[in-house]
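Q: Hey, got a minute to walk through this one with me? I'd like to start with the ligand site and then look at some helix packing.

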Amino acid sequence: MSGFFAPLARLLAAFSIVLSMPAMAQEDGRWSIAIHGGAGTIARDNMTPEQDAAYREALRKALDAGAKVLREGGTAMDAIQAAIEPMEDDPLFNAGRGAVFTWDGDIELDASIMDGRTRDAGAIAGVRGIRHPIQLARKVMTESPHVMLSGEGAEKFAAEQGIEKMPSEWFKTERRRESLKRMKTEKLSAIDVDVKFGTVGAVALDQDGNMAAGTSTGGMTGKRWGRIGDAPIIGAGTYADNCSCAVSATGWGEFFIRAGVARMICARIDLGNEDSQLAADTVIAEVGEMGGDGGVIVVDRSGYALFSMNTSGMYRGRATSEGLSEVAIYADE
Ligand code: ASP
């Protein structure tokens, strides 16, 4: 939304929370969703037509699942979960099944979710064996007094909540095993070996005017010492606030944490009276100046779904109540 109206929106939203009403219901049934499946060095030259088609099909499936929830009047929280879960199951993406390997050949998953209506949030970091990390992040939000749980504690909480587990081999794919092997034998960095990030995320605005954001990832190939990236950090990889926007990021996590990317984009829109695309582009440019790369998906209060990246591509898609429905891969699409 235009920055001019943001302070007014905050005031009205505060009012509606006091009155226990959904924040600023849309009168026109407007809804909007954007998804990503990672950014990076994704060029037409290094994709076969089959790979290109497979990614588009997987993105389409996730986008349609999220859009269906919104079209039928469901919540933004349910929509982003519906969009993220199929990507967590799809080995094409670095989340859930098909996640990248740690240095020790394990798989450790990070995820977060945020409800823009209340700014409640939940996150998990470094967990093993959870089929849908986004589900667990949501449980942390709704069923625990905390925002973030990690490692064994988070796994114990998952068991108590009856969250679905899978054996470790289910998550491991040959392609990711190969990346770790190359990294070790050729002494490559995580960036060199992956050239693309495959984290998944979704952001949405529902017909009641509520927003949500979620992100799920395996992190970066060869991560060590319990490394945690930006994806589970509220304000870095994920942020949602009904008064401004919902953001999910993908990229070189250390830079996204240092720049506080997701919160910064929302703050620029909310407090800085900035156009949403300009806000996202400015923050991504800042990440670039610091030496990092990646991208974000954003849905703003007006329902505008947008992307920003400083990489040659980002697996992505967006759909709105106005009839827009598209998936894209390369930056120039
Ligand atoms: N941002 C993720 C991380 O640093 C990586 C990714 O986007 O794929 O853990």
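A: Happy to! Keep in mind that this is a predicted model. The shell around the ligand divides into two nonpolar, eight polar and two charged residues.

Q: Cool, which residues surround the ligand?

A: Going along the chain, they are Asn94, Phe197, Gly198, Thr199, Gly219, Met220, Arg227, Gly229, Asp230, Thr250, Gly251 and Gly253.

Q: And how far is the polar side-chain atom of Thr199 from an oxygen atom of the ligand?

A: That distance is 2.5 Å. Thr250 also brings in a polar side-chain atom, 2.7 Å from a ligand oxygen. With Gly253 the backbone takes part: one of its polar backbone atoms is 3.0 Å from an oxygen atom of the ligand.

Q: What share of the ligand's exposed area does the protein bury?

A: The protein buries 100% of the 270 Å² that the ligand exposes when taken alone.

Q: Nice. Switching to the helices, how do H4 and H5 cross?

A: Helix H4 covers residues 133-143 and helix H5 covers residues 151-160; their axes come within 11 Å and cross at roughly 80°. An angle from 65 to 115 degrees counts as roughly perpendicular, so that is how H4 and H5 sit relative to each other.

Q: Which residues meet there?

A: From H4, Leu136, Lys139, Val140 and Glu143 meet Ala154, Phe157 and Ala158 of H5.

Q: What's the mix of nonpolar, polar and charged in that contact?

A: The contact of H4 with H5 has five nonpolar residues, no polar ones and two charged.

Note on methods: Residues are numbered from 1 along each chain as its sequence is written. This is a predicted model: local features need pLDDT of at least 70, side-chain atom pairs count only at pLDDT 80 or more; totals for chains, interfaces and linings use all residues. Side-chain values use heavy atoms; hydrogens and water are left out. A residue is near a molecule or strand if one of its heavy atoms lies within 4 Å of it. A polar contact is a pair of N or O atoms within 3.5 Å; within protein, one must be able to donate a hydrogen and the other to accept it, and residues adjacent in sequence count only if both atoms are side-chain atoms. Accessible areas come from the Shrake-Rupley method with a 1.4 Å probe; for residues, only the protein chains shown count as cover. Ala, Val, Leu, Ile, Met, Phe, Trp, Tyr, Cys and Pro count as nonpolar, Asp, Glu, Lys and Arg as charged, and the others, Gly among them, as polar. Axes are lines fitted to C-alpha atoms, for helices over the stretch in contact, and angles run from 0 to 180 degrees between N-to-C directions. Helices (H or I, at least four residues) and strands (E, at least two) are DSSP runs, numbered from the N terminus. Angles under 35 degrees count as roughly parallel, over 145 as roughly antiparallel, 65 to 115 as roughly perpendicular and the rest as oblique. Contact means heavy atoms within 4.5 Å.
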